[in-house]
Amino acid sequence: MAPPKENVSLLFKLYCLTVMTLVAATYTVALRYTRTTETVLYFSTTAVCITEVIKLFLSLGILAKETGSPGRLLTSLKENVLGSPKELLKLSVPSLVYAIQNNMAFLALSNLDAAVYQVTYQLKIPCTALCTVLMLNRSLSKLQWFSVFMLCGGVTLVQWKPAQATKVQMEQSPLIGFGAIAIAVLCSGFAGVYFEKVLKSSDTSLWVRNIQLYLSGIVVTLVGVYMSDGVNVMEKGFFYGYTRYVWFVIFLSSVGGLYTSVVVKYTDNIMKGFSAAAAIVLSTVASVLLFGLQITITFSLGALLVCISIYLYGLPRQDTTKIQPAEAKGSKENLISV
């Protein structure tokens with residue numbers, strides 16, 4: 001998926017961002033479809049676990065191609081996986097946080113419309129900004145901080161008067177939905193920046209890091225299955241309620257996770273905001289067509305502010321593809337300098 005050289009082209013970066021955008025928009029709508037229209041509801045915890053397994057095998061396949069031979073692949077795995085328990089422990093932190101985030105996404109989309117979820121979930125942008133400043137010793141311009149406040153205003157408008165009811169007839173709780181989003185936002189900001197720091201603090205292959213991440217993720221998600229749905233899974237089976245649409249959602253989540261890691265490796269978490277803005281528009285249009293979502297003026301204005309703020313926030317001001325050393329952070333004035 002990623003070219004072997006470290007300095008990738010702008011075209012490759014745009015390609016990854018485009019694919020990630022399309023996958024994110026399709027995933028949101030498809031996930032909501034499986035949680036609101038299926039007569040037999042599958043266990044979301046098992047879906048999250050299967051996603052980690054698929055991402056692990058995909059990463060192994062890409063690493064095998066990267067190393068060029070089975071022998072070098074086994075050597076790489078012995079050195080970086082079996083022989084590096086500390087690295088596995090280090091990657092278990094984002095694995096745990098991502099597992100919580102993914103399960104919160106299922107809970108939120110079971111109680112909110114896809115468009116409402118997608119816009120509100122953009123609170124992860126200011127959360128990521130704060131984590132970037134604190135954890136990666138970077139600074140943000142006045143325009144970028146302004147865009148953060150604009151984003152919060154747009155999300156507030158969306159929550160103040162959310163989109164009208166849809167054709168989907170099922171019991172929903174907006175309070176639970178927004179609460180789940182709040183937890184997912186905090187998890188997204190921390191885990192994304194933490195993983196970016198790990199990726200860029202060493203020359204270890206991206207796919208080796210992914211394998212370390214997904215191994216930990218499988219363990220964490222299996223624990224989640226046992227704690228949340230253990231009794232039901234033992235009674236009804238691990239794949240209870242799975243349809244071709246559920247497998248499609250799992251496939252989208254797996255591919256999206258891989259492309260996200262590539263984008264973080266060769267750009268940064270801030271650049272992910274561009275794809276998020278486009279995904280909002282795409283998922284909103286899809287919600288209108290599939291679920292009969294009635295968009296209000298307030299919702300539209302909020303969504304517009306969110307899109308504009310994400311664009312302003314992503315305008316380049318400095319090289320954010322590398323980790324800045326702590327001593328280069330400079331004075332406090334740099335935090336708000338243009």
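**Figure 1. Overview of the helices in the predicted model.** Helices (H or I, at least four residues) and strands (E, at least two) are taken here as DSSP runs, numbered from the N terminus. The structure is a predicted model, in which local features need a pLDDT of at least 70 and side-chain atom pairs count only at pLDDT 80 or more, whereas totals for chains, interfaces and linings use all residues. Residues are numbered from 1 along each chain as its sequence is written, and side-chain values use heavy atoms, with hydrogens and water left out. The protein chain has 12 helices and zero strands, so that, read from the N terminus, its elements run α-α-α-α-α-α-α-α-α-α-α-α, as DSSP runs are defined above. Of its 338 residues, 53% count as buried (under 20% relative accessible area, with exposed meaning over 50% and partly exposed in between, for a 1.4 Å probe and protein chains only). Among contacts (heavy atoms within 4.5 Å) between residues at least 6 apart in sequence, 90% join residues at least 24 apart.

**Figure 2. Confidence along the protein chain, from helix 2 to the segment 327–338.** The average pLDDT (the predictor's confidence in each residue, from 0 to 100) is 80 for the protein chain, and 81% of the residues score at least 70. Among the elements, helix 2 (residues 44–67) has the highest mean pLDDT, at 93, while helix 11 (residues 272–291) has the lowest, at 69. Over residues 327–338 the pLDDT stays under 50, and for this segment the model has 18 contacts beyond four places in sequence.

**Figure 3. The second largest cavity and S253.** The structure holds two cavities of 30 Å³ or more, a cavity being a set of points, on a 1 Å grid over the protein atoms alone, where a 1.4 Å probe fits but cannot get out. About 60 Å³ of space lies in the second largest of them, the volume being the space filled by probe spheres set on the grid points. Its lining, made of residues with an atom within 4 Å of a point, consists of Y27, A47, V48, T51, N102, F106, V249, I250 and S253. Helix 2, helix 4 (85–109) and helix 10 (244–266) each supply at least two residues of this lining. By class, the lining has six nonpolar, three polar and no charged residues, where Ala, Val, Leu, Ile, Met, Phe, Trp, Tyr, Cys and Pro count as nonpolar, Asp, Glu, Lys and Arg as charged, and the others, Gly among them, as polar. S253 is found in helix 10 and counts as buried because its relative accessible area is 19%. Leaving aside neighbours within four places in sequence, S253 is in contact with Y27, T51 and K55, and of these partners Y27 and T51 also line the cavity.

**Figure 4. N137 in the loop that follows helix 6, and K197 in helix 8.** N137 lies in the loop between helix 6 (124–136) and helix 7 (142–160), and its phi is near 55 degrees, a positive value in a residue other than glycine. With a relative accessible area of 21%, N137 is partly exposed. K197, which lies in helix 8 (residues 174–200), is also partly exposed because its relative accessible area is 36%. K197 and L136 are 61 residues apart in sequence, and their C-alpha atoms are 6.9 Å apart in space.

**Figure 5. A105 in helix 4 and its partner G177.** A105 is found in helix 4 and counts as buried because its relative accessibility is 8%. From A105 to G177 the C-alpha to C-alpha distance is 8.8 Å, although the two residues are 72 apart in sequence.

**Figure 6. V119 and L301, with their sequence-distant partners.** V119 has its place in helix 5 (residues 114–120) and counts as buried because its relative accessibility is 0%. Its C-alpha atom is separated by 6.3 Å from that of A303, and the two residues are 184 apart along the chain. L301 lies in helix 12 (residues 297–314) and, at 43% relative accessibility, counts as partly exposed. Between L301 and L157, which are 144 residues apart in sequence, the C-alpha to C-alpha distance is 7.5 Å.

Conventions. On a 1 Å grid over the protein atoms alone, a cavity is a set of points where a 1.4 Å probe fits but cannot get out, and a pocket is an open set with protein on both sides within 12 Å along at least five of seven lines; lining residues have an atom within 4 Å of a point.
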